[in-house]
Structure formats: C-alpha cells, structure tokens
Amino acid sequence: MKKILITGGAGFIGSHVVRLFVNKYPDYQIYNLDKLTYAGNLENLSDVDKMPNYHFVKGDIVDAAFINQLFEKERFDGVIHLAAESHVDRSITNPMEFIFTNVVGTVNLLNAAKTIWKDNYEGKRFYHISTDEVYGALGDTGSFKETTPYSPHSPYSAAKASSDHFVRAYHDTYGLPTVISNCSNNYGPNQFPEKLIPLFINNIKHNKSLPVYGKGINVRDWLYVVDHARAIDLIFHKGKTGETYNIGGNNEWRNIDLIKKLIEIMDRKLGRPEGTSLALITYVTDRAGHDLRYAIDASKLRAELGWEPTIKFDEGFEKTVEWYLANEAWLNNVTSGSYQDYYKKMYGE
Ligand code: NAD
Ligand code: TYD
C-alpha cells in the first residue's frame, strides 16, 4: 500500500497520469492535488473519479502552510509533481504567476517532503516533471541530452529550469530521493486549446484564422501524451534516484508542416473539399524569444529502462483530432468565460 500525491492531476498531462495510476495500481491511494486554474478541469477525470483509490484535494502549492498540513496529515510515500503554469505566451504577459507556482510551489513541496520524511528516505520518492524547453534552442542539427547545459529563453522555461535546479539541490544538499524528467511537446486529448494543436483544431472547426507565429519554421518534437504517462510510470518506479531522464517522440515537425497535416485531416473529417482550410493560415508577429528548434535524445531512457513511444504519430494525430471533434461539450466548456478574454488579448479578435 502506497500513498502517492500527484500535483496538477486535473490538467492535460496530469489527468493521463492519474488515470494510468488509478487503473494500474489498485493498491495505491492516489491523491490528486490541484488548484483548478483555467487549465485544470475535473471533467478530464470523470472516468476514474469514483474509484476507491482516487482522492481529490483542491489547493494551491504556493500556500506553504496548507502544503505542510496536507503532508503532515496524509504522509505521502511518493510525489509526482506536474502542477505548473505551462503556457509560454502567458508567461510572456504574466511572468510572476510562473515564478510563484513553478518555483515557489515546487520548493514548498520539496520542503514538505523533506520535513515529513525526515532522514528516513526508504521507499520514498519525489519525482519532478519538467520540460525540454529548459535546454534552450537548437540550430538545424543536434539534440538535447541530459547533460546539455540549461539555457532557458522564456519566463516559462526559466521558471521550470529554476525548479529543476532546486530539485537537484535538495537531492545534493539534503539527500532527498528525487528524480527528474524533461519531455518534449505533448499532444493528445484534454489539452487546453491555447496550445498549438487543440487551438488550431478548434479554429479550423469554427473557420477562424490560424495564427502562425513568424514564418512557421520553428521545429517541435511531438509525443503522444499517453506515451509520456507510460514513461512517468516507468521512471517513478524504476528510475535511479538523483538522475534525470529525457523523454521524446523522435518526431520532429516544422510548425507549418504540422499545421498543413492537421488541415488535411480536419478537412477530411469535416467533409470539406481537400485544402479548404489552408486559406485560414495567417502569418502573425513572431513570439518574443521564440525558440527555433527542440529535439530530444531519449537514448538514456531507452537503454536504461527500455522505454519507447508506442503510438505512431499518424495514428496519434488522427485519434487526437477525432477526440476533439467527438468531445464538443468539453471544448465548449473550456473555451467559454475567461478563455474569450484571453483570446481577444492574445490574438485581437
Ligand atoms: P496544464 O497547464 O494542462 O496543467 C497544469 C495543472 O496544474 C492544471 O490542472 C492547474 O490547475 C494546476 N495548477 C496550476 N497552478 C497550480 C497551483 N499553484 N497549485 C496547484 N495546482 C496548480 O499543464 P500540462 O501541459 O499538463 O503540463 C504538466 C506538467 O508537465 C508541467 O509541469 C509542464 O511544465 C510539464 N510539461 C508539459 C509539456 C507539454 O507539452 N504540455 C511537455 C513537457 C513537460
Ligand atoms: P505551443 O503549443 O505553445 O508549445 P511550446 O511553445 O511550449 O513549444 O507552441 C508550439 C509551437 O507553435 C511553437 O513554436 C509556437 C507555435 N504557435 C503558433 O505558431 N501559433 C500559436 O497560436 C501558438 C499557440 C503556437
């Protein structure tokens, strides 16, 4: 019997991790701690929220007193920390929120774990989920290794880099049994439609323009979210304490090529003549500090723990589009209210 705290479990990746753990480990008690910001949605977990081993706690990781009390009461054996402000564009307009949640929130969790575990770390683990964006930007060649020096360019990636440093510092200074993974861009069901893929699916559906930043030549490495959740399960159970693992899809796309592929699938699914939605592409001012290219070398994870992505991009991308088209109510719910204000501020329509 283990008590595991998953933070940010109502968000995109967190909800897939919670689902996997609740279903796969009936002997574990899974606690999902989430503030339910605009990005957190309990609907994402409607298929598992009645399970006897699932518990939801609403709370803010920035609130140290609350976090300390929660750890004191529940005495978790493990933490899988995903809660974060996660959108680069929002970090450009409001960096402080990112510093509070991503840095202060992470250190609050480290302190609470250190306090309740004291120096008895047997069977304990603090797993911090991070991003490849901490490594900065690549040119046309090469890929990020676990040893690549950090060089973040956005307030989002700077805050994530800072939190990674604190996690390592707590391992090196206090011996806290930590592990970190840095993953490339995820795609799949339940992603908030401010990120490229769900935003563009929603816009194509409503015949709205597709704001391509700069020339559309930036490259991202895309991984299906369920494969990320599988990697997290593996690293949580088998990863070496104090280590970092890079996770990636080995699946690089220039934005404009990805968008054209998405248009091809969407026009087919919506019964529009091929290429109709290409007219929606609108080149807009580039994102400030826009990283040119991300690519992950995931060979350590493959060699040490035997992880490989299982979902081919063609299959995952098609499934993703189908999910958003089939879950209109979900999309309508999350794009009502404050989303409208965000959209106007961001894209001016
Ligand atoms: P998300 O924005 O969809 O979800 C974040 C969740 O954290 C939400 O449920 C939100 O309510 C919660 N949260 C935010 N602030 C909180 C606070 N102060 N206290 C408690 N809960 C809070 O994010 P995501 O895309 O699922 O990313 C999850 C994690 O994975 C993040 O740490 C992110 O940096 C990392 N990551 C994401 C990607 C990606 O492509 N999305 C890739 C690599 C790593
Ligand atoms: P995003 O999904 O925000 O992920 P990240 O910035 O964390 O990689 O963006 C993916 C890529 O798509 C990135 O190069 C920025 C670009 N992009 C656009 O061109 N237009 C948009 O409206 C958005 C949201 C992103």
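Across which strands does helix α2 lie, and at about what angle does it run to β2? The points below take up this question and then move to the two sheets and the two ligands.

1. The model is a predicted one, and the remarks that follow should be read with that in mind. In this model helix α2, residues 64-74, lies across β1, β2, β3 and β4, and its direction is at about 170 degrees to that of β2. Helix α1, made of residues 12-24, lies across β1, β2 (28-34), β3 and β4 as well, and runs at about 165 degrees to β2.

2. The strands beneath these helices belong to an open sheet of 7 strands, whose order is β3-β2-β1-β4-β5-β6-β10 and whose pairing is parallel. Because β3 (54-58) and β10 (244-247) stand at the edges with a single partner strand each, one side of each is left without a neighbour in the sheet. On average, and with direction ignored, neighbouring strands of this sheet are turned by 20 degrees against each other.

3. Within that sheet, the pairing of β1 (residues 2-7) with β4 (residues 78-81) can be followed in detail, since the two strands pair in the parallel sense over 4 bridges. Thr7 has His81 of β4 as its bridge partner.

4. An open sheet of 3 strands is also found, with the order β7-β9-β11 and mixed pairing. Its edges are formed by β7 and β11 (252-254), each of which has a single partner strand, so that one side of each is left without a neighbour in the sheet. Here neighbouring strands are turned by 50 degrees against each other on average, direction again ignored.

5. In the sheet of 3 strands, β7 and β9 (residues 219-224) pair in the parallel sense over 3 bridges, and Asn185 stands opposite Trp222 in β9. Helix α7, residues 225-238, lies across β7 and β9 and runs at about 70 degrees to β9.

6. Ligand 1 is surrounded by 28 residues, of which Ile13, Asp34, Ser86, Tyr156 and Lys160 come nearest. Among its polar contacts, a backbone N or O atom of Ile13 lies 2.7 Å from an oxygen atom of the ligand, a polar side-chain atom of Tyr156 lies 2.7 Å from an oxygen atom of ligand 1, and a polar side-chain atom of Asp60 lies 2.8 Å from a nitrogen atom of ligand 1. Of the 830 Å² that ligand 1 exposes when taken alone, the protein buries 97%.

7. The elements that give two or more residues to the shell around ligand 1 are α1, β5 (125-131), α5 (155-174) and β7 (185-187), and the largest share, 3 residues, comes from β5. Both helix α1, which lies across strands of the 7-stranded sheet, and strand β5, which is part of that sheet, are thus named in this list. By residue class, the shell around ligand 1 divides into 12 nonpolar, 12 polar and 4 charged residues.

8. Ligand 2 has 20 residues around it, the closest being Glu133, Pro211, Arg287, His290 and Tyr347. A polar side-chain atom of His290 lies 2.7 Å from an oxygen atom of ligand 2, and an N or O atom in the side chain of Tyr347 is likewise 2.7 Å from an oxygen atom of ligand 2. The side chain of Asn185, the residue opposite Trp222 in the sheet pairing, has an N or O atom 2.9 Å from an oxygen atom of ligand 2. The protein covers 97% of the 510 Å² of accessible area that ligand 2 has on its own.

9. The shell around ligand 2 receives two or more residues from each of α3 (88-93), α6 (196-205) and β8 (210-213). Sorted by class, the residues of this shell comprise 9 nonpolar, 5 polar and 6 charged ones.

Definitions and conventions
Residues numbered from 1 in each chain as written. Chains lettered and ligands numbered in written order. Predicted model: local features only at pLDDT ≥ 70, side-chain atom pairs only at ≥ 80, totals over all residues. Heavy atoms only, no water. Pairing = 2+ DSSP bridges. Axes fitted to C-alpha atoms, helices over the stretch in contact; angles between N-to-C directions. Contact = heavy atoms within 4.5 Å. Near = heavy atom within 4 Å. Polar contact = N/O pair within 3.5 Å; in protein donor to acceptor, adjacent residues only side chain to side chain. Areas by Shrake-Rupley, 256 points an atom, 1.4 Å probe, with all protein chains shown as cover. Nonpolar A, V, L, I, M, F, W, Y, C, P; charged D, E, K, R; others polar.
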